[in-house]
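Grab a coffee and work through these exercises with the model open beside you. Each one sets a task and then walks through a solution.

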Amino acid sequence: MKHRWAMAIDLDRCTGCGACVVACSAENNIPVVGEEEAAKGRLMHWIRVNRYWEEDSPSARAVYLPVPCMHCERAPCEIVCPVYATYHNEDGLNAMVYNRCIGTRYCANNCPYSVRVFNWYDYKWEKPLDEQLSPDLSVRSRGVMEKCSFCVQRIRRVKDKAAEEGRKIRDGEVQPACVQTCPPGALVFGDLEDPDSEISRMFRDPRRFRLFEHLGTEPHVVYLKRRKGAGV
Amino acid sequence: MLDRRNFLKLGGATAFAALFGGCDKIPKKIIPFVIPPENHTLGEALWYASECRQCPAGCGIVVRVSEGRAKKIEGNPLHPVNRGKLCARGQAALQSLYHPERLARPFALTGPRGSGRFREISWEEALSLLLGEMKKIRGKAPTPLLMLTEPMRGHRNLVAARFMRAFGSPDRVAWDPFGQDAFLAANEAVFGVRDVPEIDIARTRYLLSFSGDFLETWGSPVHYARAYGAMRQDRATVRGKFVHLGPRLSMTAASADLFLPIAPGTDGVAALGIAHVLVKEKLTAQAIGASALWNEGLKEFTPEVVAKKTGASPRVLAYVAREFAGNQPGLAMAGNGAAGCTNGTFNLACVALLNVLAGNAGMPGGLSFPNRVAAFTRYGAEAGLLAPPPESGYPAVRGAVGKMRSGGFRMALLSGSTNPAFTLPAALKFREALLAVPFIVSFASFLDETSFLSDLVLPVPTFLEDWGDDIAPAGHSGEAVTLSQPVVNAFHDTRSMADILLAAAKELGGEMRRALPWESFRECLEEAYRGTGKPWEDALREGGFFSLAPGPSRATARASGPALPKVAEASFEGEAAKYPLVFHVYPSTSHYDGRGANLPWLQELPDPVSTAVWRNWVEISPGTAKELGLSDGDGVIVASPSGSLEAFVSLHPGVAPGVAAMPLGQGHSHYGKDARDRGGNPFSILPAREESVARGPAWQSTRVSLTRAKIGGRLVRTAHPEGQWKIGNVM
Amino acid sequence: MLRPGPKATIVASLLVLLLFGASVAARARTSQPILYSHKVHVSSYKIDCRFCHTEATKSASAGIPSVEKCMICHRVIAVDHPEIKKIAQYWKEKKPIPWNRVTELPDHTYFPHKRMVNAGVPCLTCHPGIDKMDVAVQQREFTMGWCMDCHRKRGVSIDCWTCHV
Amino acid sequence: MSGEHLLARTDEAQLFRDLSRSNQVTTWRWFAGMGILALVLLWGIGVFVYMMTTGMGVTGLNRPVFWGVLIVNFVFWIGLSHSGTLISAILRLTHATWRAPILRAAEAMTAFSLLVGALFPLIHLGRNWRFYYTIPYPNERGLWPNMRSPLMWDAVAINTYLLGSLTFLYVGMIPDLALLRDNSTGWRRKLYSILSLGFRGTHAEWRRYHVASTFFAILIIPVAVSVHSIVSWDFAMAKVPGWHSTIFAPYFVVGAIFSGIAGVILVMAVLRRVFRLEKALTPLHFDNLGKLLCTMSLLWGYFYFTEFLTVWYNRNPEEWEVFRSYGKSFLPVFLLMITCNFIVPFPLLCLRRVRRSVPAIFGVSLLVIVGMYSERVLIVVASLARRNDPFIWHNYFPTWVELSITAASFAMFTMLYMVFSKIFPIMAISEIKERLFHTTERAIGNATAEAIARVEEHGEGEVK
């Protein structure tokens, strides 16, 4: 059963609230680094919400741009890894294998979206905060890269369930943590193999654009332009 | 259900080896169950429905529990308020459950009061202490017992109220720093209903918001955010337009199509300006019939006059008015920024007036006033206790403070996330007053500024380990009652306040026993909902009762059309010469009123506007900064007539000139190491002023001065100061 | 595949022990709170593995039987055997039995029992000779190459993410 | 013509003594120097172990600057390695008559800087203890390294080059080793007799020797060029604004040779001073190398200009941001680079006086080394610090950890060189003798007469 997972981010809905960021941290055992490390630009978040200013005061406007891993079809990070620690898997996901990673950090350099984060230390969870850690995926040790996996453990969970019930996966059944929680429903996730899925519909939306499209990375995350002006 | 979920005996045997990388960390022991719980497969997660209490909105949640540990919180898809969605604060609640600094055992003060020197004691000792003190003051008239809690709803509130009544003490105070007093008053004045309306953002065509941060902290943010998304993109042909007026470009304002910076406290005037145009140009049916208003003085508020007061261009105001009228159904709403001024009620009344003039009341895509407690008529007078109006309780708090000072109280029961010692303006001298009370008992999960002052601290479960029921103040029209249940065993040896009160009542006996006949709070709940026709177990599984018959909407039309609100100017403490800037405070998106400040996830969540983490800051516009000779990242002393604090300057191109804006929630002095020393607490430099009509706290009521100062550390922001302007490189 | 006898095992284990000190614990004959014999239960009494390891078909981990489970039979069977008395004791005190881990999975590996078992992989493939043991010992070093062989043979996914997340 | 400077005047034995002085006396200074360097190296190793056990967090790296000083060092040392072998090879092929005294020093430098440089890719790994994943060895996992990754090309190229230059160095030394063998006793004699492979200096041996060295010279040049091209491709192949540029390969080669020549000059000057080789290393050599350096400076300037021009002209925002940052956060580094690589060296090197004064050209070469180092800093760091998404821009400054390791690398290089100079002939003695035989005056009684065994454009050891 082939899949082509993809995400659409509707900037006309996104309010920049950051629910996705915390949801992701909770789902994916993402460490908290503290103020000093944050100052060094070492936040470990797998999804970040860029806040850009448009024009200057007084008519300034903030523009929000959530940036997860794009799971590029032609991923620049994959070819440069000397040990195949990151590769394209059968579902068209850009996979990261911690066991194999030796930490050249070349993939991170080659990612135009800078969504890959590096384990600068062995991050610790002060007890008993570690009770919350999810048993479905590993806690990464120092020296390896990590990044958004489209919550592969959730995908797997749904796949198993569907298999057990001997049926296909329903549209919208698989939801990464960020998509699941997004209050205004700005994030949509689904399977492009299914032409009638909502995600396929959004991929056909005229407002659609991709980040750094000119680089030819063919991301599996598309954005829907924010409508300007009246729009009434 | 609780006892059947006998998880804690289980460890190891996980399918995922070496969760922590090194093999040394694999559990070497495998501890099976003595008696395996039913409906539970080892290593397979279960979901339990409950309710989020990170803010008063009352969203339904489901919690993923694996091997006895809560792993993930998600919105409850069945719940009408949030429909499966959840905000950052809700997501982060897990960390309060497993927080290293949670209170695990009862504590008794050993050092002098307020010294924070405690010793661990057993529950028996703690309860006997509590009861001993209660017995001492029992029967005195008036009973010198104070109960100061966060606003409680559902049967938790019922129990507390009955306890106090039976105990013979009238002083039951619920404190909510962001109570809706002005909102209620305004609705009463304009619609004749003292309640929070249902606002149908999802189906509106034109949303006009006055300093209302409804997407982040005001009212029921998740519900509104969901609706906002729908308003924008759910309809095939219509995309609702969103115009925001306010002193600061908040996260909410950033989503607006049009943001008009206006001077603080002039929201009402701005609304009248728009109303003026509506009536003058006879843009709506209701406006045509509003000649009374016109003569009462609306005619004075020409866009030009209004522009002078607010700073918005008259042309744009008129334009907005015409658009607002031209796109029905529309919706006008206002939030903390407008309500928190000394003229809050006036502001909100004027905004409400716009809804009347545009005929939004009772319309789909407009607003309506459902009767949310219709399902509880059987409680008669007490029905109100289940869903009390969302008031701040500020007058009562002030009264209580006075009475404390005058020695009117012998004992105080404190509880709650609203943490009065932190959220009450320092000028009120709450701390000093409280210490005048001989015996203080705190029901708390953390040692925050308030519980720190007490003689006896009783550890209570977090809401993830607690029973409860609730009727959300907004987001449903009375069809929904939320149930919360312990999703995991109590992680520490804690007891909920309700249970302790019931135990006390049993001990004290007599009338109290009659008022509170239950053995446990859980029993109270089961009994309360036995009659509803839906099996208790099912209700728990679904997270509550979501299909109750909604009460009839209450009439909003008054006999005579609404009168023109009495014009009131916002007043600000401190003379402009000494304090050049107006101080605009707003609840932090991550920490709300400060309750989130001890959660690492929230501390590390970049603020949506400033992108700052782990610390608070003060925002001024680049223009203002130039005048003051300040630049981005400078350390400054923010001084008001009532106090001063240190903060870092964060230049914000979206703040109205002459305004200094600061988020509330940071600046704790206790509340754990993640919350401590993260900058100053803005509450502490606010004056103890009231909103002129509804007597709620007037947060937006002082001026401040900024003077450069050398302060340790720096403000960490994730945005690159230069890069954040280069949107052109990306889109 | 050759199945080494206990002697060979010890030799092997000593070798391994020399090579990687880390994996000593796994291979040395870990003493258990109760001398439970797989041999007796499986070989002599022909009890199906899944009778005790009930979760094997339903869950990622195979599961260790609860004390209650043991008592189902041992209320009546061999009650005065010293080891069984121990169980009875645990049961009386309502205390769980603190078994020592025998089989260890390599780091960062996800191994859902249910998938293998439901796919018809016999338990003995991964736990060879367990049915002949009085004291359970990990016989097989779970090396990736060995897993891959099987995965290739059965034509199931060899995507890294299948086991390493 | 004042005779005492002429090597011709000195008899064979004297000549040998002069040239191999480094192998004979070992002063306390040498030991003191070694001691200090050893301390620095040990400190560096300690710091590395600390970094390995604690995590890369102890460096100044961050997102987006995932590569920093460690990679800069890598490029720097590989670059430095470049002239040694290349120069001597080219000089051999072109039969530059003045080459003899330079060869050995240059070749040795190549070998050692390669040895040092090759360490850095390993040092900068997040999980150094897993470095062997990059080696294509058959394993039961059935996993192989990814040959599409420029890092793998790098590994291959550098190993080839290292092997090549070591052989080149060794083969070149064989006659001298034989010479030493014949003039030494004790363990040295044993060592040399093993290493000299029984070279006796027969005609046949000499002929083969010449063929072999020419052969190597021809082979080593393409390798040398390829190595630095591939190093440049580590960057040029990446989707990083400021890296992704077609000109990078030649640009890096030029830069490498540029810094390499400067390196050779430095080393020569030092040797000249320390081992009193004034007679062998005359101003002429510095003059000639100076000319080369001047040319490279010009070439470098040209390459830099062309690269800058294209970006400046088409103003592709992403690439332009990198250059803008040169004028902002990275201004000091940029100025340092331009000044030390072009503005100062080029005009100065045009002056004969400067080229012929050893101290002056020593100074200039030092500048060039500094300039090239800062150039690499700009390339590696600045480009990463201004990635495509401006929101996450972040600057970088190395910590004491990176600086310590850098210092240690310099110490290691010097130590290798010092040891080498103690054990092996630092001057290509036999080559020099050959030259002399061909071209210098012979002393006939009191008179001297020009011996013309081969027509030369100009003679050896001429002094003004």
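## Exercise 1: Three strands in chain B

Work out how strand 23 (residues 617–620) of chain B and strand 25 (residues 643–651) of chain B pair, then see what strand 24 (residues 635–640) of chain B does.

Step 1. Strand 23 and strand 25 of chain B pair in the parallel sense, over four bridges. Here strands are DSSP runs of E with at least two residues, helices are runs of H or I with at least four, and both are numbered from the N terminus. Two strands count as paired if DSSP finds at least two bridges between them.

Step 2. To see the register, find B:V618: the residue opposite is B:V649 in strand 25 of chain B.

Step 3. Now take strand 24 of chain B, which runs antiparallel to strand 25 and is joined to that strand by six bridges. One spot to check is B:I637, whose bridge partner in strand 25 of chain B is B:E646. Strands 24 and 25 of chain B make a hairpin, with two residues between them.

A word on the ground rules before going on. This is a predicted model, so local features need pLDDT of at least 70 and side-chain atom pairs count only at pLDDT 80 or more, while totals for chains, interfaces and linings use all residues. Residues are numbered from 1 along each chain as its sequence is written, chains are lettered from A and ligands numbered from 1 in the order in which they are written, and side-chain values use heavy atoms, with hydrogens and water left out.

## Exercise 2: Where chain B meets chain A

Describe the interface between chain B and chain A: who takes part, how much area is buried, and which charges meet.

Step 1. Count the residues in contact (heavy atoms within 4.5 Å). Chain B brings 79 residues and chain A brings 73 residues.

Step 2. Get the buried area, meaning the accessible area (1.4 Å probe) that two parts lose on being put together, summed over both. For chain B and chain A that comes to about 6500 Å², with 58% from carbon and sulfur atoms. On the chain B side, B:R239, B:W601 and B:E604 supply 11% of the area buried against chain A, more than any other three residues.

Step 3. Look for salt bridges (a side-chain nitrogen of Lys or Arg within 4 Å of a carboxyl oxygen of Asp or Glu). There are eight between chain B and chain A. One of them links B:E74 to A:R154, with the closest N and O atoms 2.0 Å apart.

Step 4. Ask which elements do the touching. Among those giving two or more residues to the chain B side are strand 3 (60–66), strand 4 (69–75) and helix 5 (221–233) of chain B. Helix 5 of chain B gives the largest share, eight residues.

## Exercise 3: A sheet with a helix on it

Which strands sit at the edges of the open chain B sheet with the order 12-11-10-13?

Step 1. Four strands make up this sheet, and the pairing is parallel.

Step 2. The edges are strand 12 (258–261) and strand 13 (330–334) of chain B, each pairing on one side only.

Step 3. Strand 10 (residues 206–210) of chain B pairs with strand 13 of chain B over five bridges, in the parallel sense. B:F210 has B:A334 as its bridge partner there. Helix 5 of chain B packs on the sheet and touches strand 10 and strand 11 (241–246) of chain B.

## Exercise 4: Chain C and chain A

Repeat the interface analysis for chain C and chain A.

Step 1. The contact takes twelve residues from chain C and 20 residues from chain A.

Step 2. About 1400 Å² is buried between these chains, 54% of it on carbon and sulfur atoms. In chain C, the residues losing the most area to chain A are C:H108, C:W161 and C:V165, together 54% of what that side buries.

Step 3. Two salt bridges cross between chain C and chain A. A:D160 forms one with C:R115, the closest N and O atoms being 3.4 Å apart.

## Exercise 5: A long-range tie

What do B:R153 and B:D470 tie together?

Step 1. Their side chains meet in a salt bridge, 2.7 Å from N to O.

Step 2. B:R153 lies in the loop between strand 7 (145–149) and helix 3 (154–167) of chain B, and B:D470 in strand 18 (residues 468–470) of chain B, so the pair ties together parts that are 317 residues apart in sequence.

Terms used. Axes fitted to C-alpha atoms, helices over the stretch in contact; angles between N-to-C directions.
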